[in-house]
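Student: Before we look at the model, could you take me through the reasoning behind the terms used for its sheet and its cores?

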Amino acid sequence: MQQRQSARPPARVPRIVTALAATLALALGLAGCGGSDGGSGGGKNGGGGASATQAEALEPLAGKPSPRLPATVSSADGHRTTVTSADRIVPLTGSLSEIVFTLGLGDRVVGRDVTADFAQARKLPVVTRAHDVSAENVLSLKPTVVLADTSTGPAEAIDQIRDAGVPLIVLAPAKELADVGTRIDAVATALGVPDAGRELRERTERRIDAVRADIKRPADGKRPRVAFLYLRGSAAVYLLGGRDSGAGSLLEAAGARDAGKESGLTKDFTPITSEALAKAAPDAILVMSKGLDSVGGVDGLLKLPGVAETPAGMDRRVVSIEDGKLLNYGPRTDQVLRSLVDQLYEDAP
């Protein structure tokens with residue numbers, strides 16, 4: 001399976017990992033950590049990724065809301081910002097872009113982060129360089145408002161955009177299902193479309209609830225243990241998600257148990273070792289599609305330390321979800337949860 005390639009790891013991965021990946025990739029003569037090592041994503045599972053040439057389209061709300069501005073809002077970094085125009089919007093993360101477009105404001109977006117790879121955004125200019133935002137690229141688009149979150153960097157770029165007089169709002173990242181509605185509301189309020197935000201929040205939460213109500217678990221009632229692995233084969237970065245990886249809320253909503261968290265991992269991510277995986281003892285492994293592709297598919301995944309010896313490895317039970325959707329916690333989270341549930345319980349009667 002051919003997967004989309006992006007330069008930015010998920011926000012849940014600590015910045016030290018981003019730096020490590022970039023350093024290793026440079027040392028190996030590779031352009032960042034987004035390259036694929038090739039290989040197939042085949043196996044018992046491991047499907048669910050869109051191809052690089054067929055980006056998925058979002059489903060915006062019907063109609064186009066008219067922003068009611070000015071709006072004064074507080075940023076997660078302590079600043080208080082007044083937005084007077086939403087005519088030229090630049091969201092600096094893929095998840096924020098997803099919300100803006102789904103609110104019906106996509107025709108006002110003039111630039112994108114590299115992870116905003118859904119169909120409606122693909123032709124917009126990219127304002128990031130490798131893992132970092134380029135203030136020069138952003139400012140060249142003459143934005144009237146810029147949206148970021150606390151994972152956006154470097155800090156110097158954020159300061160440079162603000163110093164140029166552009167209203168810039170930093171939002172707290174979404175880490176679990178409970179954050180979905182809050183984040184939608186925050187973006188909608190900042191852009192002066194609170195009614196559209198309320199409509200999108202209700203639609204999103206309704207769809208998530210519908211998926212949860214339709215989960216067909218195994219007849220024995222056993223809750224599978226699932227380990228979330230973050231993989232970048234081209235940079236030799238292989239991490240096991242712990243309590244704060246961001247995947248726990250999805251796994252719990254799907255009726256599963258977070259194997260990394262239950263094995264005692266209190267960090268967000270830790271390097272994969274045979275010992276750590278043996279302790280986690282996952283029945284299934286959750287990965288991002290591009291990460292799975294980067295290690296050569298399920299066959300390559302089984303060559304990583306300890307993976308083949310886990311129950312998941314012995315059963316080749318791998319759940320793969322697109323990088324640009326898995327940890328976004330936004331308008332497409334119901335699709336993420338549905339894919340997770342369908343793959344996890346595909347053998348359930």
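Tutor: Let us start with a strand pair in this predicted model: E3 and strand E6, residues 145-149, run parallel and are joined by three bridges.

Student: What makes E3 and E6 a pair?

Tutor: Pairing requires at least two bridges between two strands, and three bridges join E3 to E6, so the two count as paired. One residue of E3 to look at is Val-90, whose bridge partner in E6 is Val-146.

Student: Where does this pair sit in the sheet, and why is strand E3 called an edge strand?

Tutor: The open sheet has three strands in the order E3-E6-E7, with parallel pairing. Strand E3 (89-91) pairs on one side only, as does strand E7 (168-171), and both are therefore edge strands. Ignoring direction, neighbouring strands of this sheet are turned by 15° against each other on average.

Student: Which helices pack on these strands?

Tutor: H2 lies across E3, E6 and E7, and runs at about 140° to E3, while helix H4 (residues 155-163) touches E6 and E7, its direction making about 145° with that of E7.

Student: What makes a set of residues here a nonpolar core?

Tutor: The members must be buried residues of the nonpolar kinds, joined through side-chain atoms within 4.5 Å. The largest such core has 62 residues, and Ile-89, Leu-147 and Val-187 are among those with the most contacts inside it. Helix H2 (residues 94-105) supplies its largest share, six residues. A core of 19 residues, including Leu-231 and Val-298, is separate from it and is therefore called a second core.

How values were computed
Residues are numbered from 1 along each chain as its sequence is written. This is a predicted model: local features need pLDDT of at least 70, side-chain atom pairs count only at pLDDT 80 or more; totals for chains, interfaces and linings use all residues. Side-chain values use heavy atoms; hydrogens and water are left out. Buried means under 20% relative accessible area, exposed over 50%, partly exposed in between (1.4 Å probe, protein chains only). Helices (H or I, at least four residues) and strands (E, at least two) are DSSP runs, numbered from the N terminus. Axes are lines fitted to C-alpha atoms, for helices over the stretch in contact, and angles run from 0 to 180 degrees between N-to-C directions. Contact means heavy atoms within 4.5 Å.
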